[in-house]
Amino acid sequence: MTGSALGQALAVAPGDAEYRTYMGHTLTCAACRAGASCVTAVQLGRVWREARG
Ligand SMILES: [Zn+2]
């Protein structure tokens, strides 16, 4: 094991935390799971895009 793959997996890209928050919401929100984008999802998505740059 070289460790390079592990290093890449642990690297945090810009907006990664926000993306996880956004995805976590869509997986647990009934409206989002139904295919709709609720107000929270829109806000989280906006935060993600801004953090990602
Ligand atoms: Zn939602």
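**Val 42, helix H4 and its packing against helix H2**

Val 42 is exposed, since only 10 other C-beta atoms lie within 10 Å of its own, and a residue counts as exposed at 12 or fewer such neighbours. The model in which this residue is examined is a predicted one. Val 42 is located in helix H4. Across the chain, its C-alpha atom is separated by 9.1 Å from that of Tyr 22, although the two residues are 20 residues apart in sequence.

The setting of this residue is the overall fold. The protein contains four helices and zero strands, and along the sequence the elements follow the pattern α-α-α-α. Of the 53 residues in the protein, 4% are buried.

Helix H4 itself may be considered next. It comprises 14 residues, namely residues 39-52. At 1.5 Å a residue, such a helix should span 20 Å, and because the C-alpha atoms at its ends are 20 Å apart, the expected and computed values agree. Just after H4, Gly 53 adopts a positive phi of about 85°.

The relation of H4 to another helix can now be described. Two packed helices are described by the angle between their axes and by the distance between those axes. For helix H2, which covers residues 16-28, and H4, the angle is about 160° and the axes are 8 Å apart. An angle over 145 degrees counts as roughly antiparallel, and H2 and H4 are therefore roughly antiparallel to each other. Their crossing is left-handed. On the H2 side, the contact is made by Glu 18, Tyr 19, Thr 21, Tyr 22, His 25 and Thr 26, while H4 contributes Thr 40, Ala 41, Leu 44, Gly 45, Val 47, Trp 48 and Ala 51. By character, the residues of this contact divide into seven nonpolar, five polar and one charged.

Which residues does Glu 18 touch, when those up to four places away in sequence are not counted? Glu 18 belongs to helix H2, and the residues it touches are Val 47, Trp 48 and Ala 51; these three are among the residues that H4 brings to its contact with H2. Glu 18 has 18 C-beta neighbours inside 10 Å and so counts as partly exposed, because 20 or more would be required for a buried residue and 12 or fewer for an exposed one. The C-alpha atoms of Glu 18 and Glu 50 are separated by 9.4 Å, with the two residues 32 residues apart along the chain.

Notes:
Residues are numbered from 1 along each chain as its sequence is written. This is a predicted model: local features need pLDDT of at least 70, side-chain atom pairs count only at pLDDT 80 or more; totals for chains, interfaces and linings use all residues. Helices (H or I, at least four residues) and strands (E, at least two) are DSSP runs, numbered from the N terminus. The expected span of a helix is 1.5 Å times one less than its number of residues. Axes are lines fitted to C-alpha atoms, for helices over the stretch in contact, and angles run from 0 to 180 degrees between N-to-C directions. Angles under 35 degrees count as roughly parallel, over 145 as roughly antiparallel, 65 to 115 as roughly perpendicular and the rest as oblique. A crossing is left-handed if the near helix is turned anticlockwise from the far one by less than a right angle, and right-handed if clockwise. Two residues are in contact if their C-beta atoms, placed from the backbone, lie within 7 Å. Ala, Val, Leu, Ile, Met, Phe, Trp, Tyr, Cys and Pro count as nonpolar, Asp, Glu, Lys and Arg as charged, and the others, Gly among them, as polar.
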